[in-house]
Amino acid sequence: MNNPGQTRQHGEPKLLLGISAGIAAYKSAELTRLLVTADVAVQVVMTRSAQQFITPLTLQALSGREVRSELFDPAAEAAMGHIELARWADLIVIAPASADLMARLAHGMADDLLSTLCLASTAPLWLAPAMNQQMWQHAATQANVATLQQRQVRMLGPDSGDQACGETGPGRMQQPADIASAILAHFGAASDATNGWPGERQ
Ligand SMILES: Cc1cc2nc3c(=O)[nH]c(=O)nc-3n(C[C@H](O)[C@H](O)[C@H](O)COP(=O)(O)O)c2cc1C
């Protein structure tokens, strides 16, 4: 099992993939596979509740890296502390981003590993929201989205259409292929600008 920053292949772009607790978490497995196939080093960080929707084992198998979830984890802190993990990432993408996680991020909370990493990192932060259309359109969620966008957080979607809950409207997570394309375009642009992947800059 790879340990981020120690055994990764030299020069791979480094993505911290956050997964929060939405039904669309199953799509994150495909997103992980697409990115790993494209030679992106993917370190998955799940919220505790996200593990109700997809198992860490699935994402560990697909990413080739131990999935992180706990903030207070003595073994993980000894190997790769949360601050090191925050520094390791070239880009943080959270897909799916739940309404709850976006609220916590908008308010600068650091009450679990994923939200703490977002505060401790200088990497760009992208969110792929996924939720019931009423949750998405709620004034509280829209205010949180506006706050995050003012801080240069990039929103990927959401798409509109049929939802798992039986409703129709905005709130579907963007397709994994679309999210992967945006990430690869970002890393490709960074690579072109520096004649190498971000991880090769010293
Ligand atoms: C079956 C089920 C499906 C859910 N789907 C979503 C969802 O798609 N998006 C969302 O924002 N919340 C969804 N929720 C609610 C979140 O799981 C809940 O707000 C949780 O506290 C969010 O935790 P997090 O901050 O770790 O993401 C769902 C809850 C259940 C029980």
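Which helix gives the largest share of the shell around the ligand? Helix α5 (residues 99–106) does, with three residues. Helices (H or I, at least four residues) and strands (E, at least two) are DSSP runs, numbered from the N terminus. The tour covers a predicted model, in which local features need pLDDT of at least 70 and side-chain atom pairs count only at pLDDT 80 or more, while totals for chains, interfaces and linings use all residues. Residues are numbered from 1 along each chain as its sequence is written.

**Stop 1: the ligand**

Select the ligand and the 15 residues that surround it. A residue belongs to this shell if its C-beta atom, placed from the backbone, lies within 6 Å of the molecule. The closest are Ser 20, Ala 21, Gly 22, Thr 47 and Ser 98. By class, the shell holds nine nonpolar, five polar and one charged residues. In this classification Ala, Val, Leu, Ile, Met, Phe, Trp, Tyr, Cys and Pro are nonpolar, Asp, Glu, Lys and Arg are charged, and the others, Gly among them, are polar.

**Stop 2: the sheet**

Next, display the five strands of the open sheet, which follow the order β2-β1-β3-β4-β5 with parallel pairing. Strands pair if DSSP finds at least two bridges between them. At the edges are β2 (41–46) and β5 (154–155), each of which pairs on one side only. Strand β3 (residues 91–97) is joined to strand β4 (residues 125–129) by four bridges in the parallel sense. Select Ile 92 to find one bridge position; its partner in β4 is Leu 125.

Now add helix α6 (residues 113–120), which packs on the sheet and touches β1 (14–19), β2, β3 and β4. Contact requires C-beta atoms, placed from the backbone, within 7 Å. The direction of α6 makes about 125° with that of β2; axes are lines fitted to C-alpha atoms, for helices over the stretch in contact, and angles run from 0 to 180 degrees between N-to-C directions.

**Stop 3: the nonpolar core**

The largest nonpolar core has 52 residues. Such a core is a set of buried Ala, Val, Leu, Ile, Met, Phe, Trp, Tyr and Cys residues joined through C-beta atoms within 7 Å. A residue is buried if 20 or more other C-beta atoms lie within 10 Å of its own, exposed if 12 or fewer, and partly exposed in between, with C-beta atoms placed from the backbone. Select Leu 15, Ile 92, Val 93, Ala 95, Leu 127 and Ala 128, which have the most contacts inside this core. Strand β3 supplies the largest share of the core, six residues.

Centre on Ala 95, which touches Leu 17, Ser 28, Leu 31, Ala 128, Met 173 and Ile 179, not counting residues up to four places away in sequence.

**Stop 4: backbone exceptions**

Most residues other than glycine have a negative phi, and most peptide bonds are trans. The bond from Ala 95 to Pro 96 is cis, with omega near 0°, and Pro 96 is in strand β3. The bond from Gly 157 to Pro 158 is also cis, with omega near 10°; Pro 158 lies in the loop between β5 and β6 (159–162).

Asp 39 has a positive phi, near 65°, and is found in the loop between α1 (27–37) and β2. Gln 152, in the loop between α8 (139–150) and β5, has a positive phi near 70°. Asp 39 is partly exposed because 13 other C-beta atoms lie within 10 Å, whereas Gln 152 is exposed because it has 8 such neighbours.

Definitions and conventions: Two residues are in contact if their C-beta atoms, placed from the backbone, lie within 7 Å.
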